[in-house]
Each structure stands twice: as C-alpha cells, then as structure tokens.
Amino acid sequence: MNLHEYQAKELLAKYGVPVCPGRVAETPEQAAEAFRALGVPLAAVKSQIHAGGRGKGKVYEKDLTTLRIDRGVALVRNVEEARSVAAKILGGVLVTKQTGPQGRTVRKVYVEAGCEVDRELYLGCVLDRKAGKPVFMVSRQGGMEIEEVAARDPNAIVKEPLDVGYGLRPFQGRRLAYVLGFGGETLGQFVKMAASLARMVVERDLSLLEINPLVVTKTGNLLALDAKIGVDDRALELQKQSDLEAMRDVHEEDPVEREAASHGLNYVTMDGNIGCLVNGAGLAMATMDIVKQAGGQPANFLDVGGGATKEMVTAAFKILCRNSGVKAILINIFGGILRCDLLAQGIVEAVREVQVKVPVVVRLEGNQNEKGREILGSSGLKILPAKDMGEAAKKAVEAAGLTR
C-alpha cells in the first residue's frame with residue numbers, strides 16, 4: 001500500500017525528519033486558506049496521487065484532451081494564486097510517465113511552504129531481495145528519475161545494507177554522508193536523520209522509502225522536500241500497522257485488484273488478451289513469460305494460492321471474464337497442497353455458473369492430476385486440455401485467434 005506525499009511527511013515528522021510546513025486541501029477555498037495559514041511568501045501546490053513525475057505532468061479535463069494546467073506542481077505567491085491553481089488541478093486528470101496515458105484524478109492537493117534550495121540529493125531505502133534485507137541508496141543527483149540515473153551512470157548511486165536487528169550504524173551513516181559531500185553540522189544532521197529513517201523502515205514495515213529530493217537549504221539544513229512511502233501489504237493483513245492502514249486511499253488503487261484481494265486472490269491487472277489463472281507466484285510469472293513467447297499477451301497476474309476453493313475459482317473467473325480484452329483463459333496448475341481433482345471440480349462448477357464465453361485451456365500436473373483430467377474430460381464443457389506449459393500457451397493463443 002502506498003501513502004500520499006502529505007501522509008508520508010506526517011510519518012517522517014513523527015520520526016524527527018525535517019519537512020516543510022504544509023496543509024492538505026480538497027477544495028480551492030481550502031487551498032487558499034492553507035496558504036493564508038502558512039504565512040509564507042512562497043508555497044507549492046502539489047497534486048496528491050500515487051505516482052511520480054507530478055511536476056512534469058499535465059492536468060487535463062476528464063476527456064484527456066483539454067489541458068487545464070501544464071504541471072501537477074505549481075509555485076504560488078499569494079492567496080488568489082493558491083486558489084486559482086488548486087481550482088485547475090483539483091478534479092482534473094494528471095498524466096505523468098508513471099500514470100500512463102489514462103492518468104489519475106486529483107482529489108487532493110498539498111500546499112507546502114517554499115524553501116531556499118542550495119542542493120538537491122537523493123535518498124532511498126528499498127528491499128534488496130537478493131541480499132534478503134533493506135538497502136539504503138544515496139546519490140548526489142537528486143530531483144531526477146533515479147532509474148534514469150542508474151541506467152546512465154550506475155556508479156552515481158551508492159548502497160549501504162540495513163541490518164534490521166542493529167539498525168543503520170553510525171559509521172554507515174557517515175559513509176553515506178561522505179558520498180553526498182556533507183561535513184560539519186550537516187554531516188551530523190544526516191547521520192541522525194538516516195538512523196531515524198532506518199528505525200522507521202523496520203518499525204513501520206516499509207517496503208519503499210524515497211526522499212527525492214533531499215535538499216540542503218541555503219542555511220545548511222536538510223529537508224525532505226518530497227517523499228514516497230510503501231507499506232508491506234502482509235504487515236497490513238496481519239493488522240500490524242492499523243494507523244497506516246487507515247491512510248489507505250481506495251481511489252488510487254485498482255478496484256478489480258481490491259475485489260480480488262477480498263476473495264484471497266493475488267491479482268494484478270495487465271494490458272493483454274490471455275487471462276491467466278495459476279497457483280503459485282513463480283509459476284504465474286513463468287506462465288506469463290511463456291504466453292508472450294507463444295505470441296499472446298498476459299491480461300493479468302493471478303495466483304490462487306495453495307488452498308483455492310470453488311468460491312475462489314468462481315470469483316477468479318468472474319474477474320477474468322469481466323475484462324473485454326480477454327480472448328482466452330489459460331489455467332496452469334501444479335498440484336501439491338492443492339489437489340488437481342478438487343480444483344478441476346471447482347473449474348467445472350465455475351465455468352457453468354459464470355457461463356464463460358471464451359475458450360478455456362487447462363494444464364494440470366501433480367497431486368491427483370489424472371482424476372482432475374477425468375473430471376474435466378467428462379464435464380461436457382469445451383475445455384481444452386494441455387499436457388505441458390508450452391502446449392497450454394500455444395493452445396490458448398490459437399484459441400484466441402492470435403496466431404501469427
């Protein structure tokens with residue numbers, strides 16, 4: 001789950017990380033009042049969506065052709081400017097590189113006091129799955145897309161692993177500070193900030209922390225000028241972070257993915273034509289790869305897990321069939337904990353209940369696979385069997401009329 005910038009900064013402030021004063025607004029009048037309350041000569045009105053590149057994005061009317069304002073973050077110098085800019089941004093559709101061409105509707109803006117920036121830097125912490133621990137990253141090239149920096153000059157990013165038991169040790173903080181060119185009081189500020197951030201990552205089960213830019217002001221102080229925070233979904237499922245769960249903005253999440261999650265399904269929407277229903281995340285990834293190799297495009301990632309029930313399979317079919325772009329459904333099951341015969345019975349009942357109109361290709365292997373195939377074969381339904389993954393993908397692509 002992602003947080004909005006204003007929510008991320010509330011959390012940062014609780015851990016002693018310096019941020020600029022700001023207020024969230026949902027109407028132009030609230031934005032004007034926020035500027036007035038801040039009492040500053042300059043402020044930024046920032047669109048609040050779960051995507052980066054807001055400053056370079058454009059805000060359109062709902063038709064996505066009429067331009068409202070050519071940026072999602074704008075500087076304002078008085079109450080009327082704050083009101084006018086907020087009126088152009090709120091309710092509009094912000095399109096950035098990360099939103100895709102469909103954009104995101106802006107429902108809130110964050111009115112934040114301006115500051116005098118001397119330098120812009122990058123600071124982040126992400127999960128390094130290969131190392132099995134979080135890793136801090138810093139770069140002197142802040143304010144830019146870190147992916148572009150990494151592609152152009154990998155040496156511009158320096159990493160430091162975080163031991164979740166000990167936290168970020170002082171010598172590690174100093175090492176990162178030296179990379180960023182800090183000395184004197186600023187170095188001390190950074191070491192203290194980095195230790196607080198490390199504690200926050202561990203205590204709040206964060207999967208992503210990004211401060212870009214981390215700025216050095218004209219007076220030599222550090223400020224988190226922008227912030228992105230992602231919270232581990234598993235921690236939320238275990239109700240470990242109820243206060244962060246309360247910050248969830250359902251408008252920023254795919255409603256289909258939320259529906260799938262309510263049925264215990266791990267689902268991610270994709271832009272393709274072959275619906276995939278698989279048990280196991282690794283097998284699901286491999287299935288998507290082999291679908292592409294066969295000439296199709298996966299319409300989704302869908303992992304039903306090891307304990308799929310008839311109700312879960314039915315819910316999965318309903319979600320897959322609701323996508324008008326799906327031309328065929330590929331079911332790829334390796335039975336271990338999940339018995340193939342029980343799943344096959346669930347497939348038969350689900351296909352009948354949902355009245356699936358597109359071709360269905362099924363590959364069953366593992367625990368009770370022969371019984372599963374018998375159930376599918378005697379169902380009287382037009383379910384196409386496949387003996388392996390390659391054949392399954394090829395049959396799904398052919399059945400969808402996508403052969404090259």
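In this predicted model, the protein chain carries 53 positive and 50 negative charges. Their mean positions lie 2 Å apart. The accessible surface of the protein chain amounts to about 19,200 Å². Carbon and sulfur atoms make up 51% of that surface.

The protein chain has 404 residues, and 48% of them count as buried. Its C-alpha trace spans about 75 × 50 × 40 Å along the principal axes. The chain contains 14 helices and 20 strands. Among contacts with a separation of 6 or more, 68% join residues 24 or more positions apart.

The largest nonpolar core holds 40 residues. Phe 190 and Leu 197 have the most contacts inside this core. Several elements each give two or more residues to it. The helices among them are H1 (5-14), H5 (170-179) and H6 (184-203). The strands are E9 (117-128), E10 (133-139), E12 (206-217), E13 (222-224) and E14 (228-231). Helix H6 supplies the largest share, nine residues.

What surrounds Phe 190, leaving aside its neighbours within four places in sequence? Phe 190 is in contact with Leu 123, Val 138, Gly 173, Leu 176 and Ala 177. Further contacts of Phe 190 are Leu 180, Phe 182, Leu 214 and Leu 222. Another core lies apart from the largest one. This other core has 33 residues, including Ala 316, Ile 319, Val 348 and Val 360.

How values were computed
Residues numbered from 1 in each chain as written. Predicted model: local features only at pLDDT ≥ 70, side-chain atom pairs only at ≥ 80, totals over all residues. Heavy atoms only, no water. Core = buried A, V, L, I, M, F, W, Y, C linked by side-chain atoms within 4.5 Å. Buried < 20%, exposed > 50% of the residue type's maximum accessible area, 1.4 Å probe, protein only. Helix = DSSP H or I, 4+ residues; strand = E, 2+ residues; numbered from the N terminus. Contact = heavy atoms within 4.5 Å. Areas by Shrake-Rupley, 256 points an atom, 1.4 Å probe, with all protein chains shown as cover. Lys, Arg positive; Asp, Glu negative; His and termini not counted. Charge placed at Lys NZ, Arg CZ, Asp CG, Glu CD.
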